[in-house]
Amino acid sequence: MKKPDEFIAKSNGETIRQHTDNLIKAFDDFKCLYGYMFDEKFQKAILYACEYHDYGKASLLFQKNINNKNCLDETPDSEKILKIYKDNGFEKNIPHGYLSPAFMSFSDLKKDIGELLAMCVYNAVYYHHNRDTGINAVELKNIIESDFKPRFNISNSSYQRKIFGGYLPDECWITYAIIVGMLNKFDYYASDTHEKLPVEIDGNYNGKYLGDFVLQSLNNKKYKLRPIQEYMKNNQDKNLIVTASTGIGKTEAALLWAGKQKLFYTLPLKISINAMYQRMKCDYGYKEDNITLLHSDFISQLSESEYDDKQIVLKYDATKRLSYPYTVCTVDQLFSFVYKYRGCEILLATLKYSKIVIDEIQSYEPTLIAKLIYGLKLITMVGGQFAIITATMPDVLLSFIKQEKIPFTAPEKPFLLDKIRHKIHYEQAEDFDYDKIADYGRNKKVLVICNTVKKACEVWENLKTEYEDLNVSLLHSKFMRKDRRTLENAIMEFADNKDSVGIWVTTQLVEASLDIDFDILFTEMCTADSLLQRMGRCYRKRDYSGEQPNVIIVDDKNGYGTVYKYKEIYDRSVEFLQEYNNRCFSEKEKIDYVNKVYNAKELEQYSRDNKKGYYLDVRNTLNMCKDLIAFDFTKDEAKKKFRNITSYKIIPKCIYNKHIDEFDEAKEILTKPKKHSFSERQKAKEFIEDYSINLGNFDVRTKERCNSLFDGLDYYTFDYKYDFDEDTKSGIGLEYDKDEEEYFI
């Protein structure tokens, strides 16, 4: 009888041995770059998992299904054995991972690598494919003793008691996650028969890493390293939490901190990710093919580049495998592993030998911050490193990080610009002073930021109607993607043009996403962290010495309790702002202001007294993460729960009718993917995406007004009107319906 590794593993005729050798070759290549991050026993555990993961494919049922007739002919009683599979409920298939551990000796593994690693190897092999088909101990024993024992003389049929079930302590789960995550990384790579980039792309380019090119670029410009850049460069071996002003060189500092390590740089919004990706590609002279970005629209970004279809496919595959040395992405793409779903393990395993930057952590809502904190705890437990770089680091967040005993280093004081950029004026009022906005808008760049789309549309319509001589533009999230991209480019061109004057009315969309600089900011009152982000869009890097305020804050309570759910944070933001009203607001005072608003002890006391609030939500979410039972969630469930946002793509019915032939063609391609190339499918999807709008809070009442574009993808036509003129780059977007105003927050 042949050895188990001599049987066929793939439909192309590749044997188990050949496939396994390809995994081990990928592992050897990987070790050349990052093997030093894994101790000897961990490397042995991964190797064991690679070696045995597919041995279960030697089962007679698998060989029958893959049409290995020689195996059936050579096996006595083959029909009898196949009947045993059928009698146990596995007539068509049985996941081979469930059978592969039969070929391993637990006692030998335990002696070589220890009990915990041995247990984790068994489970990594058993669960390396996320399959729904279960098997109980009796069925497992029947099949192994009927098929494997007579053919391969093995008796290891009682290993199911070693398979994890129920709650796992973090120390146990992360050990398992590293082994199965690395196994899957090499298995996915070896199973891909197309042309592919290396399993890990070397960040070394001409003897240097990206940080070296940053340093060289600064030296060529005769720039001295700023204090934040010196600090992060000199603390590459530490987890860091660094507070620093916008425009002080945080990006370069983070890239210097990365050193020779693989790096993931996270940002809150796709537009800021796209801008960072372009900056990393173009500004430092580093090899752009070693940098990628990862978010839900990243194929469209690649399509706009000089890459051809073949290069896009290569980059797409390598990016999804997390193979690049430098990746700019959203936190969603990495931190969903906190839900411990099957298949997430490759994320944590990759972060073990990586560094991760979280830029502007305060931009996330509190329950998401709690998940990030828990994720950072697990990352540090496996040996990965993080740096949080932020304009404001609220006291309450530092408190939670310390409570979780997450190791980090912070400088003695924040790195702040020695500039006075803002003089503020706060007032309670029902609305903006439109005459004042108009007066400024005739000779300055004026930015108006509203808390809701509804309010932004009303302000824009008022200014357009009452002041016909003004240049007034509108940007919010309820434009189709192609029009929103046009407007985002337009506002950046407007801000960059020194001769431009006029008014842009926007929402919190611009808080952390666009690198724009205006002369005057009018904003509705919001929470302290958002307020400072908004100020960063005005006099971004300039000194302000004017007598009149350049930041006018109107407290009309729009969004109070809805957009800004935590009323205590909003109220404290108003209360502590009064100390700085009608005077210059220094960078240090901004840090002090945020820390007063987000004082950990006072927010904790508020939650105790009221049984609700910001502090309690962070604490409860952290506790929820700690209590999660591994494998309880599917990947889709985990992704939705991570952001806790239900968002749907809607296409205005009037737009759909206007382009109905193109939509029908795109639908045909996407509903029959096997008939069309990757490039054709992506172009079809991009077409639909370009005419789509993300709509949240999608309840039954709204859904009744929608028609599904086609089954299988969440695109809907929606009977709202849509207004946008491509020539003038003007319009209200998806027109506001007063009966459904909650969809326009």
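1. Which residues does H476 touch, not counting residues up to four places away in sequence? In this predicted model, the residues in contact with H476 are V453, C457, R484, T507, L509, I732 and G733. H476 itself is found in the loop that runs between β9 (472-474) and α23 (481-496).

2. The surroundings of H476 may be described further. Its relative accessible area is 0%, and H476 is therefore classed as buried, the cut-off being under 20%. The side chain of H476 takes part in two polar contacts listed here: a polar atom of this side chain lies 2.9 Å from the backbone nitrogen of K478, and the side chain also reaches the backbone oxygen of I732 at 2.9 Å.

3. The sheet to which β9 belongs deserves a separate point. It is an open sheet of 7 strands with mixed pairing, and the strand order is β9-β10-β8-β11-β12-β7-β13. At its edges stand β9 and β13; each has a single partner strand, so one side of each has no neighbour in the sheet. On average, neighbouring strands of this sheet are turned by 25° against each other, direction ignored.

4. Strand β8 (residues 445-450) is largely enclosed by the rest of the structure, because 6 of its 6 residues are buried. In a regular strand, side chains alternate between the two faces of the sheet. For β8, both faces are covered: K445, L447 and I449 are buried on one side, and V446, V448 and C450 are buried on the other.

5. The pairing of β8 is parallel with each of two strands. With β10 (residues 502-507), β8 pairs in the parallel sense over 6 bridges, and C450 stands opposite T507 of β10. T507 is also one of the residues that H476 touches. With β11 (residues 520-524), β8 is joined by 4 bridges, again running parallel; here I449 stands opposite T523.

6. At the β13 edge, the pairing is antiparallel: 3 bridges join β7 to β13. Within this pair, K423 stands opposite C584 in β13. Helix α26 lies across β7 and β13, and runs at about 80° to β13.

7. Helix α26 (residues 587-597) has the buried residues E587, E589, K590, I591, Y593, V594 and V597. The elements that cover these buried residues include β1 (240-243), β7 (422-428), α24 (528-535), α25 (567-577), β13 (583-585) and α27 (600-610). Both β7 and β13, which α26 lies across, are thus named in this cover.

8. The loop between α25 and β13 contains N581. Is N581 buried or exposed? Its relative accessibility is 18%, so N581 counts as buried, given the cut-off of under 20%. The side chain of N581 reaches the backbone nitrogen of Y426 at 2.6 Å. Leaving aside residues up to four places away in sequence, N581 touches I424, H425 and Y426.

9. A final point concerns a pair of helices. Helix α1 (residues 16-34) packs with helix α10 (residues 170-191) at an angle of about 120°, and their axes are 9 Å apart. The crossing of α1 past α10 is right-handed. On α1 the contact is made by H19, N22, L23, A26, F27 and F30, and on α10 by M182, L183, F186, D187, Y189, A190 and S191. By class, this contact has 9 nonpolar, 3 polar and 1 charged residues.

Methods
Residues are numbered from 1 along each chain as its sequence is written. This is a predicted model: local features need pLDDT of at least 70, side-chain atom pairs count only at pLDDT 80 or more; totals for chains, interfaces and linings use all residues. Side-chain values use heavy atoms; hydrogens and water are left out. Axes are lines fitted to C-alpha atoms, for helices over the stretch in contact, and angles run from 0 to 180 degrees between N-to-C directions. A crossing is left-handed if the near helix is turned anticlockwise from the far one by less than a right angle, and right-handed if clockwise. Contact means heavy atoms within 4.5 Å. Ala, Val, Leu, Ile, Met, Phe, Trp, Tyr, Cys and Pro count as nonpolar, Asp, Glu, Lys and Arg as charged, and the others, Gly among them, as polar. Buried means under 20% relative accessible area, exposed over 50%, partly exposed in between (1.4 Å probe, protein chains only). Two strands pair if DSSP finds at least two bridges between them. A polar contact is a pair of N or O atoms within 3.5 Å; within protein, one must be able to donate a hydrogen and the other to accept it, and residues adjacent in sequence count only if both atoms are side-chain atoms.
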